[in-house]
Amino acid sequence: MKRHIQDRLLELLAAAARDAFAGQIPEEALRVDLPTDVRFGDVTTNIALQASRVLKANPRQIAQELSVSLRKRIDESDLKRYIQDIKIEGAGFINFYFARPYFQELLKEILIDKEEAFKVDFGRGEKALIEFVSANPTGPLSVAHARQAAVGDALAKVLDFMGFAVSREYYLNDEGNQINILGNSVRLRLQELLGETVVFPEDHYQGDYIYDMARTLKEKGAQGIDFAEYSSAYILDIIRKELDDFGVAFDYWYSQKSLRTSGKIQQAFDLLTEKGFLYPQDGATWLKSTAFGDDKDRVVIKSDGSYTYLAPDIAYHRDKFARGFSLLINLWGPDHHGYINRLKAAVEAQGFDPKGVQILIVQLATIFRDGKPVQMSTRRGQYITLREVLDEVGKDAARFFFLMRRTSSHLDFDLEVAKRRNSENPVYYVQYAHARISSILRSAQSSGNLAECDAALLREPEEIELIKKLGQFTYVLQVCVHTLDPYMVTVYLQEVAERFHRFYDRHRVLGQESGLTLARLALLEAAQTVLRTGLGLLGVSSPDKM
């Protein structure tokens, strides 16, 4: 079963659809998914329901015709021994029920190949660049940035696991108005520390970290210093350390200042002018983005000669493609949602495929302490930082909790739950399953080659349910690739842990007849492989003892 059974079934389903309906069923209708209820088979397809809209026929009738061709193809293939039954159920779902030999061979494959058993060369080496966090170096990372860091890093790990050539990049906005305000904030606080009376502007940064930088400068002396440059470098060092402690490493730190001085912005503008997509109006320079689906044209150079935010982004994304990346994934905060169309228009105007740019909006996270949400204000420095979360709950809980909801959904992060050492804490529940299995395997000591076990001895419902859940890992990872969202791994790992705990609470492993003990130990080792691999993709540790 080196190729996942669902992929094989999808191929046979596509062929059956061609046989029965001569290519009339649209390709996007060809899907094989997990059923929402285990009573309805091991995998299912709603192709008949999807096709009924095109074929103008009853879904059950379509399903009947498809199943005739499908059964014939399965009977002629090597999948015959793995498919116990095919049923048409409900409104027209085609449900597949797997036979015992499939689960037995699946278990052996996991034992022999370990995590390699779940890999699919989905990406075929495609070069993907994930740009995430990219916070302005004007203050420590907030929980919003922390969530982006967890999502971006986990997504990179999943894509790499599934065959993409992945690089991580942090776009560093190290110039401009906000950096100047940061430098002036530090300068004014230094003047205060030196005994001067100052009027501190409302729009300046007011956190304690501004005083920290001012105190450092007071001790060192600030003669001739560029406050903006010093302050942004100071903050960047803090950001790098926070990300390192969070287990997030970047392949590239891309400086906006270096982008501007390189001449690449002007080169991009020259190209767009040559193509006829830049034009002057009212003293400014405009991008004709409406030609590519934007709701209005966008200014790229203001009447005073300064760039808008879009200007460097045009050149930056051109440079990404020039570096050989064909899949560009950007993680942005919800305040950037309206920026998507203009960026995609700018990409297409330069001659690149806009489908090669995927923008993921990472919704905000609300931190709860003692049952109450913590109020935040970045400018005033009144917010929970990544450092505070790390110090309070640790890296593992922080990463797992930041990934526990869809990226597009708001996240509530309860610090008290994340600190609990019981089953109410999801990451503890999953890690404890891994540690509990380690303890059992240690107690077993030498019990023979687990890959040579007689998997047919595993007949209890809890044993079969656990094997079935392990076999869904590749499917879950494929969904993560399709949706560009790693959150499903957290849900899946909790389900694996739940299946394991249920099995172990009802059945003894050690002290049984030797063959049964060996088979159950093999099942536990396979479950441990899945837990360890999944936690690793999330950047979470797999403790052997807890």
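# Exercises on helix packing and burial

The buried residues of helix 17 pack against four helices, namely helix 4 (100-113), helix 18 (473-483), helix 19 (487-506) and helix 20 (514-537). The structure used in these exercises is a predicted model.

**Exercise 1. Describe how helix 17 is covered, and state which of its residues are buried.**

Step 1. Begin with the extent of the helix: helix 17 runs over residues 461-470, and seven of its 10 residues are buried, so that it is described as mostly covered.

Step 2. Next, list the buried positions, which are Glu462, Glu463, Ile464, Leu466, Ile467, Lys469 and Leu470.

Step 3. Finally, look for the partners of these residues, and you will find them in helices 4, 18, 19 and 20.

**Exercise 2. Decide whether Glu463 is buried or exposed, and find what it touches.**

Step 1. Locate the residue first: Glu463 lies in helix 17.

Step 2. Apply the cut-off, by which a residue is buried when its relative accessible area is under 20%. Because Glu463 has a relative accessibility of 0%, it counts as buried.

Step 3. Set aside the neighbours within four places in sequence, and the contacts of Glu463 are with Leu457, Leu458, Phe503, Leu516, Arg520 and Leu523.

Step 4. Compare sequence with space for one pair: Glu463 and Arg499 stand 36 residues apart along the chain, while their C-alpha atoms are separated by 8.6 Å.

**Exercise 3. Carry out the analysis for Leu107, asking where it lies and which residues it touches.**

Step 1. Leu107 belongs to helix 4, and helix 4 is one of the helices against which the buried residues of helix 17 pack.

Step 2. Leu107 counts as buried because its relative accessibility is 1%.

Step 3. When residues up to four places away in sequence are not counted, Leu107 touches Ala455, Leu458, Ala522, Leu523 and Ala526. Leu458 and Leu523 also appear among the contacts of Glu463.

Step 4. For a pair that is separated in sequence, take Leu107 and Arg436, which are 329 residues apart along the chain and 20 Å apart from C-alpha to C-alpha.

**Exercise 4. Describe the packing of helix 6 and helix 7 by their angle and the distance between their axes.**

Step 1. Recall that two packed helices are described by the angle between their axes and by the distance between those axes.

Step 2. For helix 6 (residues 177-193) and helix 7 (residues 208-220), the angle is about 60° and the axes are 8 Å apart. The crossing of these two helices is right-handed.

Step 3. Identify the residues that make the contact: helix 6 contributes Leu182, Ser185, Val186, Arg189, Leu190, Glu192 and Leu193, and helix 7 contributes Tyr209, Ile210, Tyr211, Met213, Ala214, Arg215, Leu217 and Lys218.

Step 4. Consider Asp212, which is also placed in helix 7. Its relative accessible area is 36%, so Asp212 is partly exposed. Between Asp212 and Leu190 there are 9.7 Å from C-alpha to C-alpha, at a separation of 22 residues in sequence.

**Exercise 5. Examine the phi angles of Lys56 and Asp282, and state where in the chain these residues lie.**

Step 1. Keep the general rule in mind, which is that most residues other than glycine have a negative phi.

Step 2. Lys56 is not a glycine, and yet its phi is positive, at about 55°. This residue, Lys56, sits in the loop between helix 2 (47-55) and helix 3 (59-75), and Lys56 is exposed because its relative accessible area is 71%.

Step 3. Asp282, likewise not a glycine, has a positive phi of about 55°. Asp282 lies in the loop between strand 7 (278-281) and strand 8 (284-287), and it counts as exposed because its relative accessibility is 67%.

**Exercise 6. Place these details in the whole protein: how many helices and strands are there, and what percentage of the residues is buried?**

Step 1. The protein has 20 helices and 14 strands, and its C-alpha trace spans about 85 × 60 × 40 Å along the principal axes.

Step 2. Of the 546 residues, 53% are buried.

Step 3. Among contacts with a separation of 6 or more, 71% are between residues 24 or more positions apart.

Step 4. Turn last to the surface and the charges: the protein exposes about 24,500 Å², of which carbon and sulfur atoms supply 46%, and the mean positions of its 69 positive and 75 negative charges are 3 Å apart.

Key. Residues numbered from 1 in each chain as written. Predicted model: local features only at pLDDT ≥ 70, side-chain atom pairs only at ≥ 80, totals over all residues. Heavy atoms only, no water. Buried < 20%, exposed > 50% of the residue type's maximum accessible area, 1.4 Å probe, protein only. Contact = heavy atoms within 4.5 Å. Areas by Shrake-Rupley, 256 points an atom, 1.4 Å probe, with all protein chains shown as cover. Lys, Arg positive; Asp, Glu negative; His and termini not counted. Charge placed at Lys NZ, Arg CZ, Asp CG, Glu CD. Axes fitted to C-alpha atoms, helices over the stretch in contact; angles between N-to-C directions. Left-handed = near helix turned anticlockwise from the far one by under 90°.
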